[in-house]
Amino acid sequence: GAVGCAVARGLAGYQLSIAVAEKEWDVAAGTSGRNSAVVHAGFNNRPGSLMAKFCVEGNQGFEAACRELDVPYRKTGKLLTAFDQEDLAPLRRLKEQGDRNGCKGLRLLDQAELHDRLPQVGGIGAMLSPETAVFDPFLYTVALAENALANGVTFFLGHPVTAIQPTPQGFSVTAGGKAFLARRV
């Protein structure tokens, strides 16, 4: 998946022998290739949490990563719409939470601003998150794998990892019915 391919790609920059064991026959066959494709701004996470910190940092760096890998990325923004007075208080709380998390550009819009942006949407106001974006998770995962492969990483597709045992030299990894030795560096 994306995490394994990203780690392999990062480690490929060092003088190491890197292998990725993937249980599926494609690196993007699971969740990595089928997620919502939204690059969240970080306003919906608890302030002070690692999730909030990493969501905001990831949002700010992800466009450059996609550009480097030639993966389509589009900063669409996001509007959370209030349809009545009761909806406004949660939007104010989300904006305050997002501000504490370090989200960029969050704004509350009144009815006129909302209708200027999206006349077809009803509502009395909204919260705008201009940093929310979308990308292609399938292409992203494949691009990570292709870059890692080009930099010397070996892939074992169709090799589910069934056991990892410590050894004096590192670890014995059983994947796809075969045993591999992963040495400590």
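Select Cys 5 to begin: in this predicted model, Cys 5 counts as buried, because its relative accessibility is 1%. Now colour the sulfur atoms and look for a partner, and you will find that the closest cysteine sulfur, in Cys 66, is 14 Å from the sulfur of Cys 5, which is too far for a bond. Move next to Cys 55, which is in no disulfide either, since the nearest cysteine sulfur, that of Cys 103, is 7.1 Å away. Cys 55 is buried, with a relative accessible area of 16%, and a search of the whole structure finds zero disulfides.

From the cysteines, turn to the nonpolar interior. In soluble globular proteins, nonpolar side chains tend to be buried together. Select Phe 62, Cys 66, Tyr 73, Phe 135, Tyr 140, Val 153 and Phe 155, which, of the 22 residues in the largest nonpolar core, touch the most other members. Around them, α1 (2–11), α2, β7 (133–135) and α5 (137–150) each supply at least two residues of this core, and α5 gives the most, with five residues. Keep Phe 155 selected and show its surroundings: leaving aside residues up to four places away in sequence, Phe 155 touches Cys 5, where the tour began, together with Val 20, Val 27, Ala 145, Ala 148 and Leu 149. Apart from this core lies another, of 11 residues, and to find it you can select Ala 41, Leu 88, Cys 103 and Met 127, which are among its members.

Return now to helix α5 and follow it from its beginning. At the N-terminal end, Asp 136 caps the helix, with a side-chain oxygen lying 3.0 Å from the backbone nitrogen of Phe 138. If you place a distance between the end C-alpha atoms of α5, you should read 20 Å, which agrees with the 20 Å that its 14 residues should span at 1.5 Å a residue. Which residues of α5 are buried? They are Pro 137, Tyr 140, Thr 141, Ala 143, Leu 144, Ala 145 and Ala 148, and what covers them includes α1, α2, β7 and β8 (154–157). Past the helix, select Gly 152, which follows α5 and has a positive phi, near 100°.

The last part of the tour concerns charged side chains. Side chains of opposite charge can pair when their charged atoms come close. A search of the whole structure finds seven salt bridges, and three of the pairs can be visited in turn, beginning with Lys 23 and Glu 24, whose closest N and O atoms are 3.9 Å apart. Lys 23 counts as exposed, at 54% relative accessibility, whereas Glu 24 counts as partly exposed, at 29%.

Go on to Glu 63 and Lys 75, which form a salt bridge with their closest N and O atoms 3.8 Å apart. Glu 63 lies in helix α2 (residues 50–69) and Lys 75 in the loop between β3 (73–74) and β4 (78–82), so this pair ties together parts that are 12 residues apart in sequence. Both residues are partly exposed, Glu 63 with a relative accessible area of 32% and Lys 75 with one of 40%. Add Glu 131 to the selection, and you have a network of salt bridges linking Glu 63, Lys 75 and Glu 131.

Finish with Asp 99 and Lys 95, a salt bridge in which the closest N and O atoms are 2.5 Å apart. Both residues lie in helix α3 (residues 85–101), four residues apart, which is about one turn of the helix, and Asp 99 counts as partly exposed, at 37% relative accessibility.

Terms used:
Residues numbered from 1 in each chain as written. Predicted model: local features only at pLDDT ≥ 70, side-chain atom pairs only at ≥ 80, totals over all residues. Heavy atoms only, no water. Salt bridge = Lys/Arg side-chain N within 4 Å of Asp/Glu carboxyl O. Buried < 20%, exposed > 50% of the residue type's maximum accessible area, 1.4 Å probe, protein only. Core = buried A, V, L, I, M, F, W, Y, C linked by side-chain atoms within 4.5 Å. Contact = heavy atoms within 4.5 Å. Expected span 1.5 Å × (residues − 1). Polar contact = N/O pair within 3.5 Å; in protein donor to acceptor, adjacent residues only side chain to side chain. Disulfide = S-S within 2.5 Å.
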